[in-house]
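Please open the model in your viewer and keep the selection panel handy. We will go stop by stop, picking something to select and then looking at what is there.

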Amino acid sequence: MSDIALATSWRGVIEEFRDQLPVTTDTPVITLCEGGTPLLYAPHLSELTGAQVYLKVEGANPTGSFKDRGMTLAVSKAVEAGSQALVCSSTGNTAASAAAYATRAGLTCAVLLPRAAVAAGKVAQALAFGATLLEVEGSVDDCLVLATQLSEKYSVTLVNSVNPYRIAGQRTAALEVVEQLGTAPAAHFLPVGGAGNITAYWAGYRQAHELGWSTRLPMMCGFQAAGAAPIVRDELVVNPQTVASAIRIGNPASWSSAVAARDESGGLIAAVSDEQILAAHRLLSSVEAVFVEPASAAGVAGLLAVAEASGATAERLRGHSVVCTVTGNGLKDPEWAVRAAPPSVVIAADVQLAANVLTLH
Ligand code: AN7
């Protein structure tokens, strides 16, 4: 092992899970040391729901979202195949991640974003990493069609989750959860947009089960925003609307595999309103001290809704471990935190004034 490899204890998901991934000794490893994210016990959510709730904090990844797990593999395999250029469509996080790994690999990267519909932090990341941005007059679903066509007609590699290496890499999140908990949880809650992540977690849990790392499989519980809920409604949504811009998706690329994950696991895919998403977003930061972007709160909003309805699902979770993936860092889209907080107080630089406002005696 070289000194460079020894300089860090966590080596990124390809090295940490090499035996479980489709790589060989010929595969160049393009990594930013992604993965190894915290599985954080959430005492208040546990109290509210009667379950033992843990948060898989994916905002702790190098570009601030779970996308890095799949991107390290997709970009490594693209380099192995001799690719010079990457393309993706994105609501923002895929773009930020693709741009970062492309830079690390010395490839060019083009990202297609729905015009004026992506959070500022994510656009800033893609620009900072030197990607070429195309703002498309249309939805992210239109962007995916365009990106797919570009990859079919020109020599660029598509790194959306239709690229199977993306899903294969993202499976490592479930493998980590099983290692961290010592077993699979009773249920796994997460947001659903393009539905790659619910597909990947289910594949990862099945893999952990086959490897004998866990004797049980969790119920997969995915949540779409009510205004962008094609899987729940079982029909395309042409003009999806939600404050959770990351999951403003009307035609999920991994639709059928998400339905399979739901059905094979005895789980559910349901909708949560923007109000529920923002309430869960606020609760996560103000009570659990975990600052996420709005889309990331959809799974937690779903868990709270299930617990509140106190039906058969809530009973099944009582006393059992539940994992909620919080998918992206709050700094990417801080506007909603500022809106939800009380207004800040402006004062002159005077200690007595400051003490009075803070009611210090
Ligand atoms: C924070 O970046 O689709 O159901 O283009 O950024 O696997 O799509 C992002 C999706 C959840 C939904 N949480 O995951 C993109 C993109 C956050 C996200 C999702 C996304 P999937």
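Is Thr359 buried or exposed? Select Thr359 and show the surface: with a relative accessible area of 67% for another residue we will visit later, Ala289, and 56% for Thr359, both count as exposed, because the cut-off is over 50%. This is a predicted model, so please read each stop as a description of a prediction.

**Stop 1: two positive phi angles**

Stay with Thr359, which sits in the segment after α17 (351–357). Its phi is near 45°, a positive value in a residue other than glycine. Most residues other than glycine have a negative phi. Now jump to Ala289, in the loop between α13 (274–286) and α14. Ala289 also has a positive phi, about 65°, although it is not a glycine.

**Stop 2: a buried threonine**

Next, select Thr37, in the loop between α2 (13–16) and β1 (39–41). Thr37 has a relative accessibility of 1% and counts as buried, because that is under the 20% cut-off. Add Glu58 to the selection and show side chains: a polar contact of 2.6 Å joins Thr37 and Glu58.

**Stop 3: strand β8 and its neighbours**

Select residues 219–225, which form strand β8. Why can β8 be called largely enclosed by the rest of the structure? Seven of its seven residues are buried, so the strand is largely enclosed. Colour Met219, Cys221, Phe223 and Ala225 in one shade, since these point one way from β8. Give Met220, Gly222 and Gln224 a second shade, as they point the other way. The residues of both sets are buried.

Now bring in the strands that pair with β8. Strand β7 (residues 187–191) runs parallel to β8, with five bridges between them. To find one of the meeting points, select Leu190, whose bridge partner in β8 is Gly222. Strand β9 (residues 268–272) is also parallel to β8 and is joined to it by five bridges. Here, select Phe223 and look for its bridge partner in β9, Ala270.

Add helix α10 (residues 196–210) to the view: β7, α10 and β8 together make a right-handed β-α-β unit.

**Stop 4: the largest cavity**

Rolling a probe the size of a water molecule over the atoms shows where empty space is left. How many cavities of 30 Å³ or more does a search of the whole structure find? The search finds two. The largest holds about 470 Å³ of space. Its lining has 34 residues, and the closest to the centre are Lys67, Gly193, Gly194, Ala246 and Ile249, so-named here for you to select as a group. Then show α5 (93–105), α7 (140–153), α8 (164–170) and α10, the elements that give two or more residues to this lining. If you colour the lining by class, expect 13 nonpolar, 17 polar and four charged residues.

**Stop 5: the second largest cavity**

For the last stop, select Thr49, Ala51, Leu303, Val306, Ala307, Ala314 and Leu317, which line the second largest cavity. Its volume is about 30 Å³. Which element gives the most to this lining? Helix α14 does, with three residues. Both α14 (298–309) and α15 (312–317) supply at least two. By class, this lining divides into six nonpolar residues, one polar and no charged.

Note on methods:
Residues are numbered from 1 along each chain as its sequence is written. This is a predicted model: local features need pLDDT of at least 70, side-chain atom pairs count only at pLDDT 80 or more; totals for chains, interfaces and linings use all residues. Side-chain values use heavy atoms; hydrogens and water are left out. Buried means under 20% relative accessible area, exposed over 50%, partly exposed in between (1.4 Å probe, protein chains only). Helices (H or I, at least four residues) and strands (E, at least two) are DSSP runs, numbered from the N terminus. Two strands pair if DSSP finds at least two bridges between them. A crossover is right-handed if, with the strands pointing away from the viewer, the path from the first strand over the helix to the second runs clockwise. On a 1 Å grid over the protein atoms alone, a cavity is a set of points where a 1.4 Å probe fits but cannot get out, and a pocket is an open set with protein on both sides within 12 Å along at least five of seven lines; lining residues have an atom within 4 Å of a point. Grid points are joined across faces, edges and corners, and a volume is the space filled by probe spheres set on the points. Ala, Val, Leu, Ile, Met, Phe, Trp, Tyr, Cys and Pro count as nonpolar, Asp, Glu, Lys and Arg as charged, and the others, Gly among them, as polar. A polar contact is a pair of N or O atoms within 3.5 Å; within protein, one must be able to donate a hydrogen and the other to accept it, and residues adjacent in sequence count only if both atoms are side-chain atoms.
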